[in-house]
Amino acid sequence: MDIDLLKIGMVKGRQYETIVSTINSKSIKNAAPIGIICSGKSKVLCRIFKGSKTLDNILSQKEFIVNITHDPELFTLSTLGNLPENYFNQNCSIKNADAYFKCEVINFSEAIKQSDPIKKKDEAIVIKAEVKELVINKNTKALNRGFNYVIESLSNLTRFDMFDDNQKEEYLNRFREANRVVVKVGHKEDILAMKAIKKELMKKGLKP
């Protein structure tokens with residue numbers, strides 16, 4: 001199968017919400033939600049803070065699996081703890097995932113962004129990896145938060161005329177945060193949509 005992440009809707013330069021599954025030297029499987037950036041047809045990168053089982057396993061095994069799913073239960077369980085063993089396939093992918101791809105690490109590098117809540121030196125590792133196998137179980141697209149923020153912002157826009165000044169400022173702050181995230185991770189269509197919403201807010205005499 002020709003590996004092209006566009007087949008699951010992943011566009012170069014954009015970030016997607018996924019569940020990364022890994023295994024340690026004792027064959028114990030682990031899963032955690034991780035934002036994955038598509039950096040090419042068959043290349044990805046991610047940035048993980050030190051201290052996580054996911055990072056420890058990737059550093060040790062030099063490989064990991066990225067699972068594509070829209071199942072809220074899987075995201076919740078893997079965030080609050082870990083998925084039970086029976087949620088994993090033998091190859092460490094997650095059962096019932098819409099798609100998954102196996103990655104081999106190309107290199108590691110230490111990095112910190114100024115916007116991080118934790119700004120101590122050497123707290124995060126950037127992992128660059130090559131996709132070695134892509135398995136598509138059903139037609140799907142990787143989850144990108146941008147679209148959800150657009151819908152939420154549109155919903156809030158319809159209510160602005162009913163808000164008092166304090167509520168307007170509260171919802172403007174929500175829009176500003178949503179816009180920040182969309183610009184960072186969203187597709188170009190999401191970014192254009194947020195620009196249109198911003199113009200409508202400005203027409204109302206607001207300062208988004």
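**Notes on salt bridges, cores and a surface patch**

1. Let me start with glutamate 85, which counts as partly exposed at 48% relative accessibility. This is a predicted model, so please read every value below as computed from it. The side chain of glutamate 85 meets that of lysine 29 in a salt bridge, with an N to O distance of 3.1 Å. Glutamate 85 sits in the loop between helix H2 (72-80) and strand S5 (99-110), and lysine 29 belongs to strand S2 (residues 29-40), so this pair ties together parts that are 56 residues apart in sequence. Lysine 29 is the buried partner, with a relative accessible area of 11%.

2. A second pair to look at is lysine 138 with aspartate 98, whose side chains form a salt bridge at 3.5 Å, N to O. Here the loop between strand S6 (124-136) and H3 supplies lysine 138, while the loop between H2 and S5 supplies aspartate 98, so the bridge ties together parts 40 residues apart in sequence. Lysine 138 is partly exposed, at 49% relative accessible area, whereas aspartate 98 is buried at 8%.

3. For a bridge inside one helix, go to H5 (residues 188-203), where lysine 203 and glutamate 200 are three residues apart, or about one helical turn. Their side chains meet at 3.2 Å, N to O, in a salt bridge. Lysine 203 is exposed, with 66% relative accessible area, and glutamate 200 is partly exposed at 32%. In total, the model has eleven salt bridges.

4. Which side chain of opposite charge is nearest to aspartate 4? The nearest is lysine 41, at 4.5 Å, and aspartate 4 has no salt bridge although it is buried. The cut-off for a salt bridge is 4 Å between a side-chain nitrogen of Lys or Arg and a carboxyl oxygen of Asp or Glu, which is why a 4.5 Å separation does not count. Aspartate 4 lies in the segment before strand S1 (15-23). Leaving aside residues up to four places away in sequence, aspartate 4 touches Lys41 and Leu134.

5. Now to the interior. The largest nonpolar core has 27 residues, and Met10, Phe64, Phe101 and Ile127 touch the most other members. Two or more residues each come from S1, S2, strand S3 (43-49), helix H1 (53-61), strand S4 (63-68), S5 and S6. The largest share, five residues, is given by S6. As general background, nonpolar side chains tend to be buried together in soluble globular proteins.

6. Isoleucine 127 is a good residue to centre your view on. Not counting residues up to four places away in sequence, isoleucine 127 has contacts that include Val44, Leu45, Cys46 and Ile48, along with Leu55, Ile58 and Phe64. Val105, Asn107 and Phe108 are also touched by isoleucine 127. Apart from this core there is a second, separate one of 13 residues, with Val150, Phe160, Phe163 and Ile197 among them.

7. Finally, the surface. Phe147, Ile151 and Leu154 make a nonpolar patch of about 280 Å². Isoleucine 151 belongs to helix H3 (residues 145-157). With a relative accessible area of 43%, isoleucine 151 is partly exposed; patch residues need over 30%, so isoleucine 151 passes that cut-off.

Notes: Residues numbered from 1 in each chain as written. Predicted model: local features only at pLDDT ≥ 70, side-chain atom pairs only at ≥ 80, totals over all residues. Heavy atoms only, no water. Patch = residues over 30% accessible without salt bridge, like charges linked within 9 Å, V, L, I, M, F, W, Y side chains within 5 Å. Areas by Shrake-Rupley, 256 points an atom, 1.4 Å probe, with all protein chains shown as cover. Helix = DSSP H or I, 4+ residues; strand = E, 2+ residues; numbered from the N terminus. Buried < 20%, exposed > 50% of the residue type's maximum accessible area, 1.4 Å probe, protein only. Lys, Arg positive; Asp, Glu negative; His and termini not counted. Contact = heavy atoms within 4.5 Å. Core = buried A, V, L, I, M, F, W, Y, C linked by side-chain atoms within 4.5 Å.
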